[in-house]
Amino acid sequence: MPRKFFVGGNFKMNGLLADIDRIVDHLNASHLDPNTEVLISPPAIYLLHVRDRVKKGIEVAAQNCYSEKQGAFTGEISPLQIADSRIPWVIIGHSERRTLFGDHDHVVAEKVKAALEEGLNIILCVGETLEQREKGETLKVVEHQLDCVKKEVPAWAEVADRIVIAYEPVWAIGTGRVATASQAQEVHSDTRTWLASRVGKEAAENTRIIYGGSVSAKNCQELATQPDLDGFLVGGASLKPEFVDIINSHL
Ligand code: PEP
């Protein structure tokens, strides 16, 4: 079965209630390709509101979670609470979490494990910095990030259908500097090879590997032609009407 195209919108820490409502209402009123899985990820404080306002067929994700079920962890939300709130997805390992909030590889891996245990679906973000790319370390860095998760989740093959991998080169996020289609394809293809050797053939064939980093209505069509690119994780443009064009880029 072909992999279903997947487009997620990460609002980050943007928008007040009225802005979020405008975005959701625009999505609700738009024709969205039924062959594309669509997800939006508002700030945590608006998750339940968005869950109740968004039309059927658009899924909702938390932007982060902690690795414990509950306890003295002020400011955090747990996978158990996310699941209890009927939010089916969580983004883990976003580069802003990794660089600004100390979510190193092992922290990301623990969060993935905890979220899977609560039955959540995960968008696992990986990607290299500009310095790492310039040193020729891109594939090594991405494979290492995946290896760390595999160590915490040895039974990855059993939960592979609940993991979407987002390749997000750090130098492309929020910078307007998008990876070329061939740069993205190289990493996506290597990630699929990693899945085949470390998780299994079925997971390699079925896992959606999506691209994130300055995706826009202008550049999404060319990126979408790449054989191992199964969708997008969109930041800035997900706050704008062009998000609909990105969702429909695979039509
Ligand atoms: C992101 O935050 O995941 C992202 C890819 O951001 P942007 O599209 O703004 O580069």
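**View 1. Residues around the ligand in the predicted model.** In this predicted model, the ligand is surrounded by 14 residues, and the closest are Ile173, Gly174, Gly212, Gly235 and Gly236. Sorted by class, the shell around the ligand consists of five nonpolar, seven polar and two charged residues, where glycine is counted among the polar residues.

**View 2. Strand β8 and the strands that pair with it.** The residues of β8 (residues 231-234) alternate in direction, with Gly231 and Leu233 pointing one way and Phe232 and Val234 the other, and all of them are buried. Strand β1 runs parallel to β8 and is joined to it by four bridges, and within this pairing Gly8 has Leu233 as its bridge partner in β8. Strand β7 (residues 209-212) also pairs with β8 in the parallel sense, over two bridges, and here the bridge partner of Tyr211 is Phe232.

**View 3. Strand β4 and the crossover that leads into it from β3.** From β4 (residues 89-92), Trp89 and Ile91 point one way whereas Val90 and Ile92 point the other way, and all are buried. Strand β3 (residues 58-62) pairs with β4 in the parallel sense over two bridges, and the partner of Ala62 in β4 is Val90. Between these two strands the chain passes through helix α3 (residues 79-84), forming a β-α-β crossover that is right-handed.

**View 4. Strand β5 with its partners β4 and β6.** Strand β5 (residues 121-126) runs parallel to β4, and four bridges join the two; Trp89 has Asn121 as its bridge partner in β5, while Ile92 has Leu124. Five bridges join β5 to β6 (residues 163-167), again with the strands running parallel, and Ile123 stands opposite Val164 in β6. Strand β5 is mostly covered, since five of its six residues are buried.

**View 5. The largest nonpolar core and the surroundings of Ile122.** The largest nonpolar core holds 73 residues, and Val90, Val112, Ile122, Ile123 and Leu124 are those with the most contacts inside it. Helix α5 (residues 105-117) contributes the largest share of this core, namely six residues. Leaving aside residues up to four places away in sequence, Ile122 touches Val90, Ile92, Val112, Ala115, Leu116, Arg162 and Ile163. In soluble globular proteins, nonpolar side chains tend to be buried together.

**View 6. Lys12, a loop residue with positive phi.** Lys12 is found in the loop between β1 (5-10) and α1 (17-29), and its phi is near 55°, a positive value in a residue other than glycine. Lys12 counts as partly exposed because it has 18 C-beta neighbours inside 10 Å, whereas 20 or more would be needed for a residue to be buried.

**View 7. Arg86, a loop residue with positive phi beside the start of β4 in the chain order.** Arg86 is found in the loop between α3 and β4, and although it is not a glycine it has a positive phi of about 55°. Arg86 is classed as exposed because 11 other C-beta atoms lie within 10 Å, and a residue with 12 or fewer such neighbours is exposed.

Notes:
Residues are numbered from 1 along each chain as its sequence is written. This is a predicted model: local features need pLDDT of at least 70, side-chain atom pairs count only at pLDDT 80 or more; totals for chains, interfaces and linings use all residues. A residue is near a molecule or strand if its C-beta atom, placed from the backbone, lies within 6 Å of it. Two strands pair if DSSP finds at least two bridges between them. A crossover is right-handed if, with the strands pointing away from the viewer, the path from the first strand over the helix to the second runs clockwise. A nonpolar core is a set of buried Ala, Val, Leu, Ile, Met, Phe, Trp, Tyr and Cys residues joined through C-beta atoms within 7 Å. Two residues are in contact if their C-beta atoms, placed from the backbone, lie within 7 Å.
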